[in-house]
Amino acid sequence: MEHSPHTVSDVMTRTVVAVGQEARFKEIVETMEQWKVSALPVLAGEGRVIGVVSEADLLPKEEFRGSAPSRLEQARRSDDVRKAGGVTARDLMSAPALTVHPGDTLAQAARTMAHKSVKRLPVVDGEGLLQGIVSRSDLLKVFLRSDEELAAEVRADVIDRLFSAAAADVETMVTDGVVTLRGSPAVASLLPVAARLVRAVEGVVDVTLEVTAMTPAPTEPPAAGPR
């Protein structure tokens, strides 16, 4: 069964503020303040992303301003100590940059952010050229889809395909992103499979399953015998 998951290109911000590798420390801080961002892609040439400079990269300069780092700090935090003396984006940036591509799924982008503990990722094409930026809040946009939209996609992409002629035996309800699948005993064995597929639909918060009890067939009263 094929799905068309949302990709990074569906939610990314295409207008991106960036700096060149020779941007000076104060220029970087001013750019962050002006655009209210906490990190900037660093570009070389005609737009190739070579790193990212963030607030965390700039803070060591303030941290070590009043005192020289101890030998232990120099050994344990050599990268921060180096950045404390940095003047340009080239000196301060974290490189190579963690990036994603426009065609990557939101799940792929979320895994990269989670595993690397970053809040946003530059989006680059096959040549490494900047195309946009995607943040944690961008990835959460899929949960803004309406219950009606989710119900329609679940019905069309999962229920109608999986259950085919028996699709009428499955009722789909969505409340606040939580999908409830209610089916008769005749389709109960397929409901767990349907639940796994529904969880793959972007914007679904959770899935619950219900099996309806069979309604006993009505019985005719016994015919009255002779008295």
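**View 1. Helices α2 and α3 are oblique to each other in this predicted model.** The pair consists of α2, residues 25-35, and α3, residues 55-63. Their axes come within 11 Å and cross at roughly 130 degrees. Angles over 145 degrees would count as roughly antiparallel and those from 65 to 115 as roughly perpendicular; α2 and α3 are therefore classed as oblique. The crossing of the two helices is left-handed. On the α2 side the contact involves F25, I28, V29 and M32, which meet E55, L58 and K61 of α3.

**View 2. Strands β4 and β5 form an antiparallel hairpin.** β4 covers residues 120-124 and β5 covers residues 130-135. Five bridges join the two strands. Within this pairing, V124 of β4 stands opposite L130 of β5. Five residues lie between the strands of the hairpin, and G128 takes a positive phi near 85 degrees. Is β4 enclosed by the rest of the structure or left open? Four of its five residues are buried, so β4 is largely enclosed.

**View 3. Strands β6, β7 and β8 make up an open sheet with mixed pairing.** The strand order is β6-β7-β8. β6 (170-175) and β8 (206-211) are the edge strands; each has a single partner, so one side of each is left without a neighbour in the sheet. Neighbouring strands are turned by 20 degrees against each other on average, direction ignored. β6 and β7 (residues 178-183) run antiparallel and are joined by six bridges. One residue pair to locate here is E171 with its bridge partner in β7, R182.

**View 4. Helices α9 and α10 lie across strands of the sheet.** α9, residues 147-163, lies across β6 and β7. Its direction is at about 155 degrees to β6. α10, residues 191-199, lies across β6, β7 and β8. The angle between α10 and β8 is about 160 degrees.

**View 5. The largest nonpolar core has 18 residues.** Which residues touch the most other members of this core? They are I159, F163, V179, L181 and V198. At least two residues of the core come from each of α9, β6, β7 and α10. The contribution of α9 is the greatest, at five residues. Leaving aside residues up to four places away in sequence, V198 touches V154, V158, V179, L181, V204 and V207. Another core, of 14 residues, lies apart from this one and includes L58, A89, L92 and M93.

**View 6. G177 is a buried residue in the loop between β6 and β7.** The relative accessible area of G177 is 6%. Residues count as buried under 20%, which is why G177 falls in that class. What does G177 touch, not counting residues up to four places away in sequence? Its contacts are D147, L150, G203, V204, V205 and D206. For a reference distance in this view, M12 is 165 residues from G177 in sequence and 22 Å from it in space, C-alpha to C-alpha. V204 appears here as a contact of G177 and in View 5 as a contact of V198.

Key. Residues numbered from 1 in each chain as written. Predicted model: local features only at pLDDT ≥ 70, side-chain atom pairs only at ≥ 80, totals over all residues. Heavy atoms only, no water. Pairing = 2+ DSSP bridges. Axes fitted to C-alpha atoms, helices over the stretch in contact; angles between N-to-C directions. Contact = heavy atoms within 4.5 Å. Core = buried A, V, L, I, M, F, W, Y, C linked by side-chain atoms within 4.5 Å. Buried < 20%, exposed > 50% of the residue type's maximum accessible area, 1.4 Å probe, protein only. Parallel < 35°, antiparallel > 145°, perpendicular 65-115°, else oblique. Left-handed = near helix turned anticlockwise from the far one by under 90°.
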